[in-house]
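Me: I'd like a close look at a single part of this one. Could you pick out one buried spot and walk me through what surrounds it, then zoom out to the rest?

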There are 2 protein chains.
Amino acid sequence: MAAALWSTKVCVSTITRGLRRYGTPASAKAVLKSDPLEPDKPSVQTEIPGPRSRELLKELDTIQNTEAVQFFVDYERSRGNYLVDVDGNVMLDLFTQIASIPIGYNHPRLLNALLKTENRATLVNRPALAVYPPSDWSSRLKNALLAVAPPGLKQVQTMACGACSVEHSQKAMFIAYQRRQRGGRPPSQEELQSCVEGHAPGCPDLSVLSFKNAFHGRTMGALAVTHTKWIHKLDFPVPDWPCASFPILQYPLDQFVRENRAEEDRCLDEVRERIHAWEKKGSPVAGMIVEPIQSEGGDNHASPYFFQELQDIAKDYEIPFMVDEVQTGCGATGKFWAHEHWNLKDAPDIVCFSKKMLTGGFYYKDNLRPQEGYRIFNTWVGDPSKMVFLEEVVNLIKEEGLLGQVKDTGSHLINGLYDMQNKYPGILSRARGVGTFCSIDFKDAATRDKILNELRHKGIHLGACGNLSIRFRPTLLLTRNHVDIFMDAFNSIIAELKS
Amino acid sequence: MAAALWSTKVCVSTITRGLRRYGTPASAKAVLKSDPLEPDKPSVQTEIPGPRSRELLKELDTIQNTEAVQFFVDYERSRGNYLVDVDGNVMLDLFTQIASIPIGYNHPRLLNALLKTENRATLVNRPALAVYPPSDWSSRLKNALLAVAPPGLKQVQTMACGACSVEHSQKAMFIAYQRRQRGGRPPSQEELQSCVEGHAPGCPDLSVLSFKNAFHGRTMGALAVTHTKWIHKLDFPVPDWPCASFPILQYPLDQFVRENRAEEDRCLDEVRERIHAWEKKGSPVAGMIVEPIQSEGGDNHASPYFFQELQDIAKDYEIPFMVDEVQTGCGATGKFWAHEHWNLKDAPDIVCFSKKMLTGGFYYKDNLRPQEGYRIFNTWVGDPSKMVFLEEVVNLIKEEGLLGQVKDTGSHLINGLYDMQNKYPGILSRARGVGTFCSIDFKDAATRDKILNELRHKGIHLGACGNLSIRFRPTLLLTRNHVDIFMDAFNSIIAELKS
């Protein structure tokens with residue numbers, strides 16, 4: 001089924017490091033509840049948002065637009081996989097702040113890190129990292145980021161958030177592209193002068209190829225490669241860069257192998273066609289960017305074959321192949337990076353991250369390293385205080401074999417979703433997932449939204465994506481027991497809907 | 001002189017709130033050293049970078065480009081206005097991490113904030129702020145950001161960094177511009193669809209007007225309004241937006257009143273001309289952005305008259321007048337916001353901030369508030385953990401009357417710089433400043449760089465800007481005593497150069 005898709009070894013990988021990293025599978029029974037203070041089960045006292053949330057909303061609305069606010073959270077009382085809102089409702093959180101909480105709320109290791117004397121200076125003095133780095137900066141990079149670097153990548157640049165990581169990754173692509181164009185010549189005086197004004201030849205007309213339904217962020221360069229909803233882009237003058245179709249596969253994948261291969265080949269042809277078209281337009285493609293699973297766009301999967309071929313196309317055109325792991329990274333798929341499921345011949349040229357990694361940033365190959373200082377730069381270029389916490393997260397993942405737990409919990413979750421869609425084929429379809437990075441579709445958006453709301457009132461908090469899907473984005477500490485709590489609620493709601 | 005420029009009341013302000021805010025002037029003698037653990041004076045043991053810095057540099061260079069690294073810092077041992085590098089060199093820090101440390105290193109209030117139980121949940125659980133805000137979010141916004149809001153502005157949006165603040169401010173401008181164009185009609189189906197693909201009419205060709213030598217950040221939209229050095233923009237496909245001259249004034253300002261007024265009028269004419277030209281080009285100007293003092297671009301000042309006129313032009317063309325206070329904000333000029341020196345008729349439409357404010361973000365007028373959720377949005381939209389520290393900073397500024405201290409210390413500093421340039425007219429010129437936000441020029445870049453290096457070896461750390469300047473960007477806790485320590489070193493170095 002969907003979960004099996006990425007375990008198919010389509011080609012023999014030359015990368016063996018990392019394939020079994022930190023994955024010592026913890027059997028379901030051996031998984032210890034790592035936090036005894038976590039609530040045992042959801043408990044809902046009021047409607048959600050409750051009276052206290054609504055009161056706070058009114059107050060906040062005098063200061064900023066609050067249309068996106070769902071409810072206010074008591075972060076002090078939240079613990080582990082459970083979020084507690086300001087009305088005392090205890091919810092099993094399967095969405096975790098848009099997929100950005102790696103090891104649950106108030107994890108004891110994070111609270112301890114806060115109290116450690118040796119972390120204090122890092123937590124209160126934010127440096128201009130690229131100019132005056134702290135004495136322990138290399139070791140923090142090694143312990144937190146390089147310890148989990150995608151196989152084959154050894155360079156890393158921190159950034160404050162996901163959008164900045166995408167923007168600066170693109171800049172690394174543009175620098176590398178123009179360096180190759182110059183063939184070793186230094187930039188001309190005309191280039192040096194015109195770029196300050198924002199003209200060619202110093203600011204050349206280059207582009208980055210992306211995919212329909214892709215989401216990469218909301219600053220101008222990141223928005224140019226984002227193609228999900230109008231709410232993200234309407235009214236904004238973003239460059240018109242090439243956008244190819246991302247495969248829309250049929251699930252369960254093993255029943256549609258031929259159809260899906262044809263769909264992926266169609267998309268790959270489109271990629272080549274778009275590269276030629278933009279070259280012809282005078283806006284050559286300097287790189288391509290893709291999500292391992294299009295998340296905001298609807299949890300759209302593609303096969304390892306698709307990504308392998310995509311990498312081959314990038315190599316043919318000598319452009320970087322960039323993988324955006326902002327949402328898929330940090331273990332959610334049962335491997336640390338989702339692209340490790342693909343058995344690529346070679347590492348991606350750039351892998352960017354944020355969310356559960358707590359810091360933004362990107363790994364990159366040597367040829368994408370800028371040759372001058374201040375090219376990929378800003379005042380803070382990240383935040384070492386986030387590395388303090390990331391180091392704890394990375395160590396916990398290793399020590400507790402959390403990737404194994406994610407695989408185990410994920411298989412329990414996806415099997416439960418398969419059972420549900422078999423039981424209710426008129427309502428549910430397209431269950432899919434890798435690790436606990438799962439989703440399922442509803443017959444229509446109204447039903448999806450109604451069920452999300454009912455789940456919440458049973459104390460299960462989930463998120464939507466695409467037009468018809470709900471997405472599971474739990475912490476890495478989710479267990480079979482949590483899945484059972486969800487399944488019970490889900491089953492009873494759907495059964496009632498059906499009756 | 002220059003310092004007097006902004007105290008001239010050119011027009012009667014309708015805004016009185018804030019003019020004397022937190023400025024209870026502390027007389028020089030009454031200023032207590034607020035941190036008894038601060039070193040008494042600089043102390044240099046090795047060359048800078050020293051052997052330990054050079055060793056760490058080699059290590060870091062295997063992970064990322066390190067061309068911008070000056071030396072490695074022992075943040076644990078740094079205290080107050082003094083930075084200690086990894087070789088034990090104690091430097092009076094007048095540059096403070098590119099102007100981003102408001103109350104010195106390891107301030108006891110920041111260290112205490114770290115240990116307060118009520119802050120723990122905020123420090124370890126980073127929420128998706130715009131969807132699941134913490135219970136205390138409104139009160140943190142009020143205590144930290146609204147407590148120091150620019151007079152007349154009551155809406156605020158947090159962001160992670162300066163560049164993101166500029167990008168999302170621009171988006172607020174574009175939304176408002178298109179809303180006005182539509183005259184109350186909802187967006188058309190064609191707009192909603194085309195914007196996802198990145199085409200007109202959904203993504204219209206709009207622009208933002210900026211100034212020569214301006215610096216606003218390094219993501220694509222922010223780079224489009226940045227015009228300082230080639231290192232920031234070369235090779236990047238940024239939009240070609242209108243850019244007018246920023247006044248190049250002659251100093252001391254009171255000796256060149258007529259010349260400077262003519263220069264400012266020339267620039268204002270250019271602003272009008274550029275707005276018409278881009279309108280004609282089909283890329284209408286949706287807003288303008290300006291720094292109160294162009295910092296990265298060379299500490300270029302303009303008069304209140306210039307900014308008042310600029311605001312009038314913005315009003316004439318019905319576009320927002322945005323002030324980028326990323327470097328000038330948070331008290332460095334002796335008022336909380338530099339634009340409070342201008343006696344504007346009305347508040348700026350947008351004021352963005354970052355650096356010493358510890359969080360990025362922007363204040364804005366009601367008409368720039370988006371009407372839908374998820375328009376100005378990302379996963380984190382800021383970081384409440386930074387608000388914990390900002391609240392301490394804001395309270396300290398008020399309780400200790402730090403704006404008064406900045407004015408007093410600043411007048412001592414600028415008078416010292418005037419004395420020096422009178423004494424060494426062949427070497428030094430153009431001393432200028434407001435508060436402690438000061439700078440002075442050297443006869444050539446080589447001399448400037450040599451003196452910066454010699455100062456550092458006497459334990460005074462400063463930064464360069466523009467082609468010929470050094471800039472002072474100290475903490476808000478700088479005293480006359482610190483200035484004297486600098487002046488002694490400066491005087492002896494220049495005297496030696498002269499001899």
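Reply: Let's start with R432(B), which sits in strand β10 of chain B, the run covering residues 428-434. Keep in mind that this is a predicted model. R432(B) has 0% relative accessibility, so this arginine counts as buried, the cut-off being under 20%. What does its side chain reach? One end of the story is the backbone oxygen of D299(B), which the side chain of R432(B) reaches at 2.8 Å. The R432(B) side chain also has a polar contact with the side chain of S469(B), this one at 3.0 Å.

Now the sheet. In chain B, 7 strands make up an open sheet with mixed pairing, running β3-β9-β8-β7-β6-β4-β5. The edges belong to β3 (155-159) and β5 (243-244) of chain B; each has a single partner strand, so one side of each lacks a neighbour in the sheet. Further in, β6 (residues 285-290) and β7 (residues 321-324) of chain B pair in the parallel sense, over 3 bridges. For a concrete pair, take I289(B): its bridge partner in β7(B) is M322(B).

Zooming out to both chains, a turn of 180° with a shift of 0.0 Å along the axis lays chain B on chain A, at an RMSD of 0.0 Å. That's the relation of a two-fold axis. Within chain B, the C-alpha nearest that axis is the one of M220(B), 2.8 Å away from it. As for how the copies meet, 99% of chain B's interface residues are also interface residues in chain A, so they meet through the same surface.

Technical notes: Residues numbered from 1 in each chain as written. Chains lettered and ligands numbered in written order. Predicted model: local features only at pLDDT ≥ 70, side-chain atom pairs only at ≥ 80, totals over all residues. Heavy atoms only, no water. Least-squares fit on C-alpha atoms with pLDDT ≥ 70 in both. Contact = heavy atoms within 4.5 Å. Pairing = 2+ DSSP bridges. Helix = DSSP H or I, 4+ residues; strand = E, 2+ residues; numbered from the N terminus. Buried < 20%, exposed > 50% of the residue type's maximum accessible area, 1.4 Å probe, protein only. Polar contact = N/O pair within 3.5 Å; in protein donor to acceptor, adjacent residues only side chain to side chain.
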